[in-house]
Amino acid sequence: MSVLFTPRSIGRLELPNRLVCSATYEQMAAESGEVTDKLIRRYEKLALGETALSITGLMYVHPSGRGYQHQVGIHADSMIAGLSKLTAAVHAAGGRIAFQLAHCGRQTTKAMAGQTPMAPSSRGRDPMNFVKPRTMSEEDIEKTIAAFGAAAKRAVAAGADAIQLHGAHGYLISEFLSPFFNVRTDRWGGSDENRFRFLKSVYQAVKAQVPEDFPILVKLNGHDHTPKAGVTLTSVRQYTQWLAEMGIDGIEVSCGTTHYSYMNMCRGDVPTTELMQSLAWWEKPVGRFMIGKLEGHYDLEEGYNLAFAKAIKPLIGDTPLFLVGGMRSVAHMESVLEKKHADFISMSRPFIREPSLARKLKEGKKNNVACVSCNRCLAAVPNGLPVHCYHKGFPAG
Ligand SMILES: Cc1cc2nc3c(=O)[nH]c(=O)nc-3n(C[C@H](O)[C@H](O)[C@H](O)COP(=O)(O)O)c2cc1C
């Protein structure tokens, strides 16, 4: 039997295989942040497709950390009823679901938050929205940490099987970890130990709100790919060691940031036409120039974050490691698991295209995923479309 279909536990959570749907923003929530039937259907399909664990798209833990108009909210108790429907549907379909908890930090927009976004430091303007964030005060930091704890309590109340803290891709936790975004000189910045303090405090706040054995995962970058040094392999090796010592139940390794280096994060084709379509006429000249600079530089190399996994896994012992990024062939996935570079294979775009991918692979119907990394699913986000596979093109009109 393929190693892909051997069971593995994450703390108390026993999973039947090693195929995990990595967090993927769905753009399917109501504007109130409520779960919709469309969103439930997406996760139900993944569960019916025998995905071992589906990690939701980033949920905002506080309105100040909301980055997208159709993002799921876990910021208020009123969200619990809808979130419970989501977990009930997944469980009825035989699946397991983890909620990804996030604060978007500076990668949110004025329009979304109704206020200037906040970040560890106010350095520079956001390259996408041209907004300058404000520096978080000590009180902002404490309130945000508490918001993660409260959100975790809601996740448990709603029946989630696990939580993943979003510490990757340039959102708030990732910003604190990164010397590119975090130039503070107080106890929250200036050294790896201080930059790690925010994630450590969030973890502790979450831990205090969930049952003793409730699985808590974290997603981190192996490299930020920011214009100046951010998180690098050296710092992430230190962070993951500290997390393992603290008892984290699983670590997923990714790279890139949504606003500074999204093509590093995803790799593959640059969806130029579709990205251009999302711009207003006055943004098009600059947009064409910026997007044009990306073309031809991000070919998808299979398992492009593998080097990070190889460097991290020996430091964290039995703590499960999830490898995400360009995992596309069964042979490669099996080799990663057999060589013990990772314990789970995480995929995002392949599951957008094929929600029943895990079952198809189990039945031996195919050796490769169908996704060709055209990245039109990614371009759906700025175009305001729900995240689906648009390989055949965007809907007319
Ligand atoms: C449309 C889209 C939305 C995404 N949303 C999230 C998200 O909410 N949280 C997250 O951690 N990563 C998100 N990602 C990144 C993926 O989880 C994953 O790290 C990346 O796509 C590389 O994996 P893949 O090659 O299997 O697609 C998103 C990616 C795509 C394409």
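Here are some questions and answers about the predicted model above.

Me: Before we start, what pLDDT do local features need here?
Reply: Residues are numbered from 1 along each chain, as its sequence is written. The model is predicted, so to speak: side-chain atom pairs count only at pLDDT 80 or more, totals for chains, interfaces and linings use all residues, and local features need pLDDT of at least 70.

Me: How many helices and strands are there in the protein?
Reply: Both kinds are DSSP runs numbered from the N terminus, with helices being H or I over at least four residues and strands E over at least two. Counted that way, the protein has 12 strands and 15 helices.

Me: What is the radius of gyration, and why does the protein count as compact as a globular one of that length?
Reply: The radius is taken over C-alpha atoms, and the globule rule is 2.2 Å times the number of residues to the power 0.38. For 397 residues the rule gives 21 Å, and the protein comes close to that, so it is as compact as a globular protein of that length; its radius of gyration is 19 Å.

Me: Which strand does S10 join through five bridges?
Reply: Strands pair if DSSP finds at least two bridges between them. S10 (residues 250-254) also pairs in the parallel sense with S11 (residues 321-324), over three bridges, where Glu-252 has Phe-322 as its bridge partner. On the five-bridge pairing, also parallel, Leu-220 stands opposite Val-253, and the partner strand is S9.

Me: Are the residues of S10 buried or exposed?
Reply: Buried takes 20 or more other C-beta atoms within 10 Å of a residue's own, exposed 12 or fewer, and partly exposed is in between, with C-beta atoms placed from the backbone. In a regular strand, side chains alternate between the two faces of the sheet. Here Gly-250, Glu-252 and Ser-254 sit on one side and Ile-251 and Val-253 on the other, with both faces covered. That makes five of five residues buried.

Me: Which helix makes a β-α-β unit with S9 and S10?
Reply: The unit is right-handed, meaning that with the strands pointing away from the viewer, the path from the first strand over the helix to the second runs clockwise. The helix spans residues 233-246, and its name is H7.

Me: Which element gives the most to the shell around the ligand?
Reply: The shell has 26 residues, with Ser-22, Ala-23, Tyr-25, Ser-348 and Arg-349 the closest; near means a C-beta atom, placed from the backbone, within 6 Å. Elements giving two or more residues include strand S4, helix H8 and helix H13. The top contributor, with three residues, is S3.

Me: Is His-225 buried or exposed?
Reply: His-225 lies in the loop between S9 and H7. Its phi is positive, near 55 degrees, though the residue is something other than glycine. With 20 other C-beta atoms within 10 Å, His-225 is buried.

Me: And Phe-130, is that one buried or exposed?
Reply: Phe-130 is in the loop between S6 and S7, and it has a positive phi of about 60 degrees although it is not a glycine. It has 9 other C-beta atoms within 10 Å, so Phe-130 is exposed.

Me: Which residues does Gly-190 touch, leaving out those up to four places away in sequence?
Reply: Gly-190 is in the loop between H5 and H6, and it counts as partly exposed with 14 C-beta neighbours inside 10 Å. Contact means C-beta atoms, placed from the backbone, within 7 Å. The residues touched are Arg-184 and Thr-185.

Conventions. Two residues are in contact if their C-beta atoms, placed from the backbone, lie within 7 Å.
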